[in-house]
2 protein chains.
Amino acid sequence: MEFTIRKGRIEDCESYLKLIQELADYEKAPDEVSITIENLEQEGFGIDAIFGSFTALQGNEVIGMAIYYEKYSTWKGRSLYLEDLIVTEDKRGIGAGKALFEAVMLEAKNRNCGRMEWQVLDWNQPAIDFYKSYGADLDPTWINGRFQKKQLQKFNFSQEI
Amino acid sequence: MEFTIRKGRIEDCESYLKLIQELADYEKAPDEVSITIENLEQEGFGIDAIFGSFTALQGNEVIGMAIYYEKYSTWKGRSLYLEDLIVTEDKRGIGAGKALFEAVMLEAKNRNCGRMEWQVLDWNQPAIDFYKSYGADLDPTWINGRFQKKQLQKFNFSQEI
């Protein structure tokens with residue numbers, strides 16, 4: 001059950017989208033994935049790319065991925081945000097998730113980031129236990145606020161900026 | 001009690017740092033602010049800037065700010081993240097927070113973002129009520145995971161990437 005980890009490549013995007021959908025299904029949000037392969041290709045590997053990634057492989061088969069981007073913390077400065085860490089279900093337990101997570105940790109260290117951050121669902125106990133095993137801080141006191149695109153598009157702006 | 005809103009300028013950074021410290025005090029984390037004016041100048045206004053901002057003023061006095069950056073959502077694509085929205089305590093209630101928030105909403109709309117997101121502490125009821133008044137989704141089911149810089153620096157990496 002050997003695997004390898006390498007930096008993501010544009011040809012991984014089709015596999016990435018499948019993994020993203022697999023995680024959305026697990027997170028009980030199967031209809032939330034609006035992005036396309038083309039969007040992943042552009043935003044991860046285009047001229048103005050916003051995210052970086054690592055890919056886990058067995059032979060030529062993509063079995064997992066980590067997607068991250070740089071964020072700014074007004075407390076700690078430039079930081080690394082781990083957006084997604086996914087290993088396909090039948091390839092779990094061989095250490096690929098651990099290797100992907102540590103690849104992102106090393107990336108954050110090498111970039112001299114003030115922090116590395118991510119989120120986990122409060123009922124996803126295996127993931128919570130995984131992060132706790134690293135001594136990570138897990139803070140439940142923050143609520144996520146959000147507008148969807150359509151809310152932004154239809155909002156009646158009262159002012160001129 | 002008139003005020004104006006404009007895009008942030010490099011000369012606002014000294015005031016930004018005071019506002020960031022004021023919010024950290026309010027959020028019961030007075031010792032968490034590690035950044036400097038120079039860091040804000042570089043990351044907000046330097047050649048490789050990562051964040052954007054709006055400033056609220058009365059005359060020449062900075063009374064509030066909003067800091068945001070672009071993030072990537074594997075569900076919705078490029079999105080706007082509102083890192084901080086702060087109005088200094090004795091200038092609250094005149095609409096500056098509302099104007100700053102709507103300026104960021106408009107920025108997200110104009111950039112065609114898939115989402116706008118932020119976080120609020122679960123005990124900060126005035127802020128929660130403020131966001132609810134906009135019909136925002138407030139989701140408490142996610143836990144924030146994080147490593148501080150020193151945890152990344154001292155971690156014993158077992159693998160070569």
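H1(A) and H2(A) sit roughly perpendicular to each other in this predicted model. Let's start there and work through a few exercises.

**Exercise 1: the helix pair in chain A**

Work out which numbers and residues describe the packing of H1(A) against H2(A).

Solution.
- Step 1. Two packed helices are described by the angle between their axes and the distance between the axes.
- Step 2. Here the angle is about 110 degrees, and the axes are 9 Å apart.
- Step 3. Angles of 65 to 115 degrees count as roughly perpendicular, so that's the label H1(A) and H2(A) get.
- Step 4. Check the hand: the crossing of H1(A) and H2(A) is right-handed.
- Step 5. Now pick out the side chains. H1(A) brings A:Cys13, A:Glu14, A:Tyr16, A:Leu17 and A:Ile20, and they meet A:Ile37, A:Leu40, A:Glu41 and A:Phe45 from H2(A).
- Step 6. Sort them by class, and you get seven nonpolar residues, two charged ones and no polar ones.

**Exercise 2: the helix pair in chain B**

Describe how H1(B) packs on helix H2 (residues 37-45) of chain B.

Solution.
- Step 1. The two axes come within 9 Å and cross at roughly 110 degrees.
- Step 2. H1(B) and H2(B) are therefore roughly perpendicular, and their crossing is right-handed.
- Step 3. On the H1(B) side, the contact uses B:Cys13, B:Glu14, B:Tyr16, B:Leu17 and B:Ile20; on the H2(B) side, look for B:Ile37, B:Leu40, B:Glu41 and B:Phe45.
- Step 4. The class count for this contact is seven nonpolar, no polar and two charged.

**Exercise 3: into the core**

Find the residues with the most contacts inside the largest nonpolar core, and say which elements build that core.

Solution.
- Step 1. The core in question has 44 residues, and the ones with the most contacts inside it are A:Ile20, A:Leu40, B:Ile20 and B:Leu40.
- Step 2. Go through the elements of chain A: helix H1 (13-26) and strands E2 (51-58), E3 (61-73) and E4 (77-87) each give at least two residues. In chain B, helix H1 (13-26), strand E2 (51-58), strand E3 (61-73) and strand E4 (77-87) each do so too.
- Step 3. Zoom in on A:Ile20, skipping neighbours within four places in sequence. In chain A it contacts A:Val33, A:Ile35, A:Leu40, A:Met65, A:Asp84 and A:Ile86, and from chain B come B:Thr74 and B:Trp75.
- Step 4. Don't stop yet: apart from this core lies another, of 34 residues, including A:Ile5, A:Ile94, A:Ala96 and A:Leu138.

**Exercise 4: contacts between the chains**

Trace what B:Gly145 and B:Leu138 touch, leaving out residues up to four places away in sequence.

Solution.
- Step 1. Place B:Gly145 first: it's in strand E7 (residues 142-148) of chain B.
- Step 2. Buried means under 20% relative accessible area; B:Gly145 has 1%, so it counts as buried.
- Step 3. Its contacts are A:Met116, A:Glu117, A:Trp118, A:Gln119, A:Asp137 and A:Leu138.
- Step 4. Next, B:Leu138 lies in strand E6 (residues 137-139) of chain B.
- Step 5. From chain A, B:Leu138 is in contact with A:Ile143, A:Asn144 and A:Gly145; from chain B, with B:Val120, B:Ile128, B:Tyr131 and B:Lys132.

**Exercise 5: a positive phi**

Which non-glycine residue of chain A has a positive phi of about 60 degrees, and which residue of chain B has one near 60 degrees?

Solution.
- Step 1. Most residues other than glycine have a negative phi.
- Step 2. In chain A, A:Asn112 has the positive value; in chain B, B:Asn112 does.
- Step 3. Where are they? A:Asn112 is in the loop between helix H3 (96-110) and strand E5 (115-121) of chain A. B:Asn112 is in the loop between helix H3 (96-110) and strand E5 (115-121) of chain B.
- Step 4. With a relative accessible area of 46%, A:Asn112 is partly exposed. B:Asn112, at 46%, is partly exposed too.

**Exercise 6: sequence versus space**

Compare sequence separation with C-alpha to C-alpha distance for A:Gly95 and A:Glu2.

Solution.
- Step 1. A:Gly95 lies in the loop between E4 and H3 of chain A, and at 30% relative accessibility it counts as partly exposed.
- Step 2. A:Gly95 and A:Glu2 are 93 residues apart in sequence and 9.3 Å apart in space.
- Step 3. For another pair, try B:Gly145 and B:Glu89: 56 residues apart in sequence, 30 Å apart in space.

How values were computed
Residues are numbered from 1 along each chain as its sequence is written. Chains are lettered from A and ligands numbered from 1 in the order in which they are written. This is a predicted model: local features need pLDDT of at least 70, side-chain atom pairs count only at pLDDT 80 or more; totals for chains, interfaces and linings use all residues. Side-chain values use heavy atoms; hydrogens and water are left out. A nonpolar core is a set of buried Ala, Val, Leu, Ile, Met, Phe, Trp, Tyr and Cys residues joined through side-chain atoms within 4.5 Å. Buried means under 20% relative accessible area, exposed over 50%, partly exposed in between (1.4 Å probe, protein chains only). Helices (H or I, at least four residues) and strands (E, at least two) are DSSP runs, numbered from the N terminus. Contact means heavy atoms within 4.5 Å. Axes are lines fitted to C-alpha atoms, for helices over the stretch in contact, and angles run from 0 to 180 degrees between N-to-C directions. Angles under 35 degrees count as roughly parallel, over 145 as roughly antiparallel, 65 to 115 as roughly perpendicular and the rest as oblique. A crossing is left-handed if the near helix is turned anticlockwise from the far one by less than a right angle, and right-handed if clockwise. Ala, Val, Leu, Ile, Met, Phe, Trp, Tyr, Cys and Pro count as nonpolar, Asp, Glu, Lys and Arg as charged, and the others, Gly among them, as polar.
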